[in-house]
Amino acid sequence: MDENYQTGIEEKLVSLLVEKNIIVTTAESCTGGMIASSIVNVSGASAIFKQGYITYCDEAKTSMLGVKKDTLDKFKAVSSEVACEMADGARIKSGADVAVSVTGVAGPSMEDGKPVGLVYIGIADKNYVFARKYNFTGDRMMIRTNACKSALELLYEYIE
């Protein structure tokens with residue numbers, strides 16, 4: 001996948017969110033704001049996106065999103081449990097209807113014994129929280145780009 005991966009998912013997602021009057025927020029670690037940036041690149045995004053969180057370190061995940069220290073200690077940052085707590089915390093703190101979160105290992109080296117390319121994407125609304133596991137390949141930028149695209153696609157599928 002090259003840097004011109006434009007699939008139109010951003011436009012489709014924003015259009016769907018506007019149509020359903022759903023406010024979204026983001027909680028990003030390894031993608032470092034790419035998801036929020038992809039959303040706000042679309043004209044009209046201000047109707048459905050008010051804020052996002054970049055929580056690259058564990059302390060930020062705890063202080064900004066309310067991720068429990070016990071969860072981080074037990075499962076480490078790159079886990080479905082943390083992805084779920086990130087998404088739910090972002091949704092609650094922002095007052096959004098739905099949140100998407102991403103935590104993963106972009107590389108070039110393993111982190112906490114977790115392999116490069118391992119990514120968890122979380123989704124939370126007021127009724128349901130879940131995370132999906134992904135294993136991406138490629139260099140750091142490719143992993144981050146694929147994580148961003150997958151997060152947008154997962155959110156679209158969930159809302160649709």
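I began with Tyr-134 and Phe-136, and found that both are buried (under 20% relative accessible area, where over 50% is exposed and in between is partly exposed, with a 1.4 Å probe and protein chains only). A note to self: this is a predicted model, where local features need pLDDT of at least 70 and side-chain atom pairs count only at pLDDT 80 or more, while totals for chains, interfaces and linings use all residues. Residues are numbered from 1 along each chain as its sequence is written, and side-chain values use heavy atoms, leaving out hydrogens and water.

Next, rings. I searched the whole structure and got 4 aromatic pairs (ring centres of Phe, Tyr or Trp, the latter by its six-membered ring, within 6.5 Å; planes under 30 degrees apart are stacked, over 60 edge-to-face, the rest tilted). One of them is Phe-130 with Tyr-158, tilted, at 5.5 Å centre to centre and 50° between the planes. Phe-130 sits in strand β5 (residues 129-135) and Tyr-158 in helix α6 (residues 140-159), so this pair ties together parts 28 residues apart in sequence. I took strands (E, at least two residues) and helices (H or I, at least four) as DSSP runs, numbered from the N terminus. Phe-130 is buried at 15% relative accessible area, whereas Tyr-158 is partly exposed at 27%.

Back to my starting residues: Tyr-134 and Phe-136 make a stacked pair, 5.5 Å centre to centre with 10° between the planes. I also noted a cluster in which ring pairs link Tyr-128, Phe-130 and Tyr-158.

Last, I checked Glu-111. Glu-111 lies in the loop between β3 (98-104) and β4 (118-125), and at 35% relative accessibility it counts as partly exposed.
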